[in-house]
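Q: Please take a close look at one helix in this structure. Walk me through that part and what lies around it.

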Amino acid sequence: MQGEPPKLPFREYEDRRMHTAPFIVGIGGTARPRSSTEQALALALTAAEAAGATVRMFGCDEIAALPHYLTPAAAECDTGRTLVDAIRRADGLILASPGYHGSISGLVKNAIDYIEDTAKDDRVYLDGLPVGLIATAYGWQATGSTLATLRSIVHALRGWPTPLGAAINTSAGIFRDGECLDERTATQLQLVGRQVQEFASLRRSRPAIMNTSAA
Ligand SMILES: Cc1cc2nc3c(=O)[nH]c(=O)nc-3n(C[C@H](O)[C@H](O)[C@H](O)COP(=O)(O)O)c2cc1C
C-alpha cells in the first residue's frame, strides 16, 4: 500500500520516484465481490508486484462505491478522491472490464470517468503510462469488442496499451478462490502484469522513450 503523495515540486517528486518501485494501479471488476473479472485483475497485479512493482487495486468494493462521475455525491466521495490521487501517482495501470452487451460495463466506465479530474494536471490523463487491459465475457465475441473499447479509451487518455491484451472467456468457470485454473489464461494475466511493470520501469529509466509532449 502507498502512503500520501509527498508535498514536493513536481520535478523533485519525479526525481525521487525514479528510485522507488513503480506504482501500478488496477481498476476493475463487477458489482459482485470475487467476480472472475476482479480475480483476473488481482492475478495480473500480483504478477506486476512479483516483478518489483507496488500495486493498489480498486476492485468491486471501490468501484461499486463510486457515485456517478460529476454528480454532487461524487465531489464528496473519499473513494473517488483516493482513486484520482492513485492515478496521479501511478507509473502504470491495469484495467479489467466484463463484456456487458458487447462493450465495457457502466461501473468500470464510471471509474474511468474519474480520470477526467486529471485533465488540467502537468501530466494529463494517462499520458505516457503503460496500461494493461483485461476483458472477460461469457463467450468469445464480447471479449474482442470489449478489449477494443478499452484500447480506444486508453488511446483517448494518451496512455500506451501494452502489447498483450487478455481476452478471457469465463463460461467454463476458470476462476476459483483467486486462482486461474486455465493455464493459458493464467500465463496471459501474468504477462499483462509483467509487461506493465517492465514498461513502467523502462519509462522511468528513460522518460523520453514514452514522451508525447512534442507531438
Ligand atoms: C448486464 C450484463 C451484460 C452482459 N453481456 C454480455 C455479452 O454481451 N456477451 C457475453 O459474452 N457476456 C455478457 N455478459 C456476461 C459477462 O460478460 C460475464 O459475467 C463475464 O464473464 C464476467 O464474469 P464475472 O461476472 O464473473 O466477472 C453480461 C453480463 C451482464 C450482467
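A: Start with a term. A residue counts as buried if 20 or more other C-beta atoms lie within 10 Å of its own, as exposed if 12 or fewer do, and as partly exposed in between. Keep in mind that this is a predicted model.

The helix to look at is α2. Helix α2 covers residues 36–50, which is 15 residues. From its first C-alpha to its last, α2 reaches 21 Å. That is close to the 21 Å expected at 1.5 Å a residue.

Now its surroundings. In α2, 12 of the 15 residues are buried, so the helix is largely enclosed by the rest of the structure. Among the buried ones are Ser-36, Thr-37, Glu-38 and Gln-39. Buried too are Ala-40, Leu-41, Ala-42, Leu-43, Ala-44 and Leu-45. Ala-47 and Ala-48 complete the list.

Next, the two ends. Arg-34 sits in the loop between β1 (23–28) and α2. Its phi is near 65°, a positive value in a residue other than glycine. Most residues other than glycine have a negative phi. Arg-34 is partly exposed, because 16 other C-beta atoms lie within 10 Å. At the other end, just after α2, Gly-52 has a positive phi of about 120°.

Then comes the ligand. There are 16 residues around the ligand, and Ser-35, Ser-36, Thr-37, Ala-137 and Ala-142 come nearest. Three elements give two or more residues to this shell: α2, β3 (92–100) and β5 (130–137). The largest share, 3 residues, comes from β3. By type, the shell holds 5 nonpolar, 10 polar and 1 charged residue.

Which helix packs against α2? Helix α8 (residues 183–205) does, at an angle of about 50°, with the two axes 7 Å apart. That angle makes α2 oblique to α8. The crossing of the two helices is right-handed.

Look at α8 itself. Its end C-alpha atoms are 33 Å apart, which agrees with the 33 Å that its 23 residues should span at 1.5 Å a residue. The buried residues of α8 include Thr-185, Gln-188, Leu-189, Val-192 and Gly-193. Arg-194, Gln-195, Val-196 and Gln-197 are buried as well. So are Phe-199, Ala-200 and Arg-203.

Asp-182 lies in the loop between β9 (179–180) and α8. Asp-182 is partly exposed, because it has 16 other C-beta atoms within 10 Å. Its C-alpha is 9.5 Å from that of Ala-172, and the two residues are 10 apart along the chain.

One more residue leads back to α2. Asp-177 is in the loop between β8 (175–176) and β9. How far is its C-alpha from that of Gln-39? The separation is 8.2 Å, although their positions lie 138 residues apart along the chain, counted as one number minus the other. Asp-177 is exposed, because it has just 7 other C-beta atoms within 10 Å. Asp-177 also has a positive phi of about 50°, although it is not a glycine.

Conventions. Residues numbered from 1 in each chain as written. Predicted model: local features only at pLDDT ≥ 70, side-chain atom pairs only at ≥ 80, totals over all residues. Helix = DSSP H or I, 4+ residues; strand = E, 2+ residues; numbered from the N terminus. Expected span 1.5 Å × (residues − 1). Near = placed C-beta within 6 Å. Nonpolar A, V, L, I, M, F, W, Y, C, P; charged D, E, K, R; others polar. Axes fitted to C-alpha atoms, helices over the stretch in contact; angles between N-to-C directions. Parallel < 35°, antiparallel > 145°, perpendicular 65-115°, else oblique. Left-handed = near helix turned anticlockwise from the far one by under 90°.
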